[in-house]
There are 2 protein chains.
Amino acid sequence: MTASREIHLVRRPQGMPRPEDFAVVDTVLADPAEGEVLVQNVLMSVDPYMRPRFNGDQALGEALIGSGIGRVIASRNAKFAQGDIVRHGAGMKERFVSDGRGLAIIRPDPDLPLSVHMHALGGTGLTANGGLLETGKLGDGEQVFVSTAGGAVGSVVAQIARIKGCHVVGSTGSDDKAAWLRDVAGLDAVINYKTQPLAEALKAATPKGIDVYFENVGGAHLDAALTRMNPNGRIPVCGMISTYNGGGEGVRNLFLLIYGRVTMQGFVASDFGHLNARFVADMTGWLKSGQIRYQETVLDGFERAPEGLIGLFEGRNAGKMIIRVAE
Amino acid sequence: MTASREIHLVRRPQGMPRPEDFAVVDTVLADPAEGEVLVQNVLMSVDPYMRPRFNGDQALGEALIGSGIGRVIASRNAKFAQGDIVRHGAGMKERFVSDGRGLAIIRPDPDLPLSVHMHALGGTGLTANGGLLETGKLGDGEQVFVSTAGGAVGSVVAQIARIKGCHVVGSTGSDDKAAWLRDVAGLDAVINYKTQPLAEALKAATPKGIDVYFENVGGAHLDAALTRMNPNGRIPVCGMISTYNGGGEGVRNLFLLIYGRVTMQGFVASDFGHLNARFVADMTGWLKSGQIRYQETVLDGFERAPEGLIGLFEGRNAGKMIIRVAE
């Protein structure tokens with residue numbers, strides 16, 4: 001018997017999620033049976049895409065759907081040894097018993113911190129890479145605009161575009177993030193959409209228009225980007241964080257898709273499994289050479305997952321928001 | 001010397017175009033010089049896509065940009081004989097002198113009226129065909145929704161989809177048009193969006209969802225369609241008539257592109273020149289066999305072009321709106 005905890009959704013948020021929408025629930029796990037393993041969660045991911053699920057797909061009174069990295073602390077499954085580090089989609093559970101399905105052993109690179117497997121080398125990096133290069137069909141040297149460029153996905157998108165020789169403009173919501181993007185990540189121009197008039201600033205920053213707009217925001221960002229799209233431009237749609245909590249303005253400039261022959265296309269990370277081996281090789285190199293820089297916002301303590309999730313919508317994260325459950 | 005007339009834009013419309021925004025202007029043409037022809041306009045096209053030009057691309061005090069079919073009434077150009085029927089983009093001119101560039105001789109099929117070259121066999125038909133089959137990548141037997149299904153483009157889209165064995169739902173704004181679409185064009189279901197709640201009616205009419213939404217409207221139509229799109233659905237964007245005169249609601253459901261991996265893509269007729277020969281052969285056969293039916297709304301008199309154009313935004317046309325300038 002092992003004590004554990006889970007994060008539950010206890011009511012459906014109206015607009016912005018609030019702490020009272022969640023509960024930390026004590027549980028007790030049976031010992032692993034033959035073929036099973038006991039996993040200690042180490043790092044948990046909180047991501048904007050979780051919010052829409054709270055309107056329906058996420059069951060009330062069950063552990064939040066989610067992914068993370070854990071350590072096998074007891075194994076009765078021949079495929080896993082005690083101490084193995086595994087990527088999992090077991091949800092927001094402090095510890096859990098698994099029959100091994102959905103667990104993938106990762107061999108952390110000794111020269112990189114484990115946490116990079118949660119973002120640049122993990123799902124958000126694969127999302128950024130596939131969305132930009134495959135869905136967005138990025139060509140070398142093109143004009144690129146990235147929204148939420150200070151976030152886990154956006155910051156990787158922006159830097160991959162830089163590596164491809166593109167002119168890269170990012171938008172973000174604080175001067176600190178803007179400074180990091182300009183000075184550390186090396187973007188060509190950065191817009192703080194909270195202090196600058198977005199449409200005017202974007203026009204000034206994109207004298208050659210936009211070939212690829214990597215869409216994480218929706219609303220006014222999309223309307224502004226649509227006015228700057230070059231013919232045959234692409235808008236890979238990764239997220240629309242401005243709409244997830246309701247409210248916000250509708251999008252009015254979609255007619256600009258027509259004459260520009262612009263393509264908007266949605267995608268999710270799981271579309272890019274076929275790219276993973278190449279991606280991991282590329283990204284490991286980029287991280288070691290310093291061509292891809294990253295920021296992390298780490299909250300210590302399993303019970304802080306709701307705080308981290310809510311913080312995403314308040315822009316409290318610089319880079320990837322991570323919940324550290326154990327060392 | 002030949003007397004002619006032109007339709008001019010004399011002020012930029014605010015919202016819906018009004019008769020006072022246009023003027024019929026008398027002109028005098030010099031006789032054709034060596035290499036030139038004199039053309040009598042016979043049929044002129046008015047189309048929703050003209051409206052956005054009035055905000056800027058259309059010069060004030062010049063003939064409206066536009067296309068039509070004319071007859072060569074005098075020729076000093078060896079490529080054209082008196083009596084030749086030509087497709088042209090010379091704009092809204094009753095008669096005009098041309099050096100022949102931009103004129104294409106058409107050989108009207110004796111079994112079809114000349115006017116079909118203005119719609120089903122012309123630019124609107126090519127737009128419908130290319131937008132549905134190439135941009136929309138329609139597969140046989142798919143689920144299709146067409147907005148402004150009673151219009152020149154929409155009615156052809158809907159019927160090509162029927163020919164391809166698809167389940168076809170159309171929306172239109174009057175019971176007369178709905179009856180024609182159901183009883184003559186053979187659609188599986190028709191929604192009168194002015195008398196029925198669009199989102200609910202669309203849900204009921206698309207029990208298997210939507211694979212291709214042929215977009216002519218924008219706004220609430222797009223929001224409703226987005227809730228019904230199947231995974232990997234396509235939204236070829238031909239027009240957004242609801243937005244052309246300003247006002248209207250912004251689009252709020254674009255986040256549904258993401259998990260559905262839905263693609264929206266703009267296009268214009270000129271993208272499909274490479275399809276034209278095959279299209280003309282197919283469409284000629286479909287028209288003769290009765291597989292494609294059509295409606296025309298013909299206004300007699302060159303000076304009625306503004307009335308026809310304004311009427312498009314008031315839904316006064318059944319099928320293609322045509323201005324007949326001469327017999």
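In which sense, left-handed or right-handed, does H2(B) pass H3(B)? In this predicted model, the crossing of H2(B) past H3(B) is right-handed. The contact is formed, on the side of H2(B), by B:Thr124, B:Gly125, B:Thr127, B:Ala128, B:Asn129 and B:Leu132, and, on the side of H3(B), by B:Ala152, B:Val153, B:Val156, B:Val157, B:Ile160 and B:Ala161. Sorted by character, the residues of this contact comprise eight nonpolar and four polar ones, with no charged residue.

As to the geometry of the pair, helix H2 of chain B spans residues 123–135 and helix H3 of chain B residues 152–163, and their axes come within 8 Å and cross at roughly 50°. H2(B) is therefore oblique to H3(B).

One of the residues that H3(B) brings to this contact, B:Val157, also figures in the description of the nonpolar core. The largest nonpolar core has 128 residues, and those with the most contacts inside it are A:Val157 and B:Val157. When neighbours within four places in sequence are left aside, B:Val157 is in contact with B:Ala128 and B:Leu132, and likewise with B:Val146 and B:Phe214; B:Ala128 and B:Leu132 are among the residues that H2(B) supplies to its contact with H3(B).

Between the two chains, 25 residues of chain A are in contact with 25 residues of chain B. On the side of chain A that touches chain B, helix H7 (256–260) and strand S13 (263–266) of chain A each supply at least two residues. The residues of that side of chain A divide into 13 nonpolar, eight polar and four charged.

Technical notes:
Residues numbered from 1 in each chain as written. Chains lettered and ligands numbered in written order. Predicted model: local features only at pLDDT ≥ 70, side-chain atom pairs only at ≥ 80, totals over all residues. Axes fitted to C-alpha atoms, helices over the stretch in contact; angles between N-to-C directions. Helix = DSSP H or I, 4+ residues; strand = E, 2+ residues; numbered from the N terminus. Parallel < 35°, antiparallel > 145°, perpendicular 65-115°, else oblique. Left-handed = near helix turned anticlockwise from the far one by under 90°. Contact = placed C-beta atoms within 7 Å. Nonpolar A, V, L, I, M, F, W, Y, C, P; charged D, E, K, R; others polar. Core = buried A, V, L, I, M, F, W, Y, C linked by C-beta atoms within 7 Å. Buried ≥ 20, exposed ≤ 12 C-beta atoms within 10 Å, placed from the backbone.
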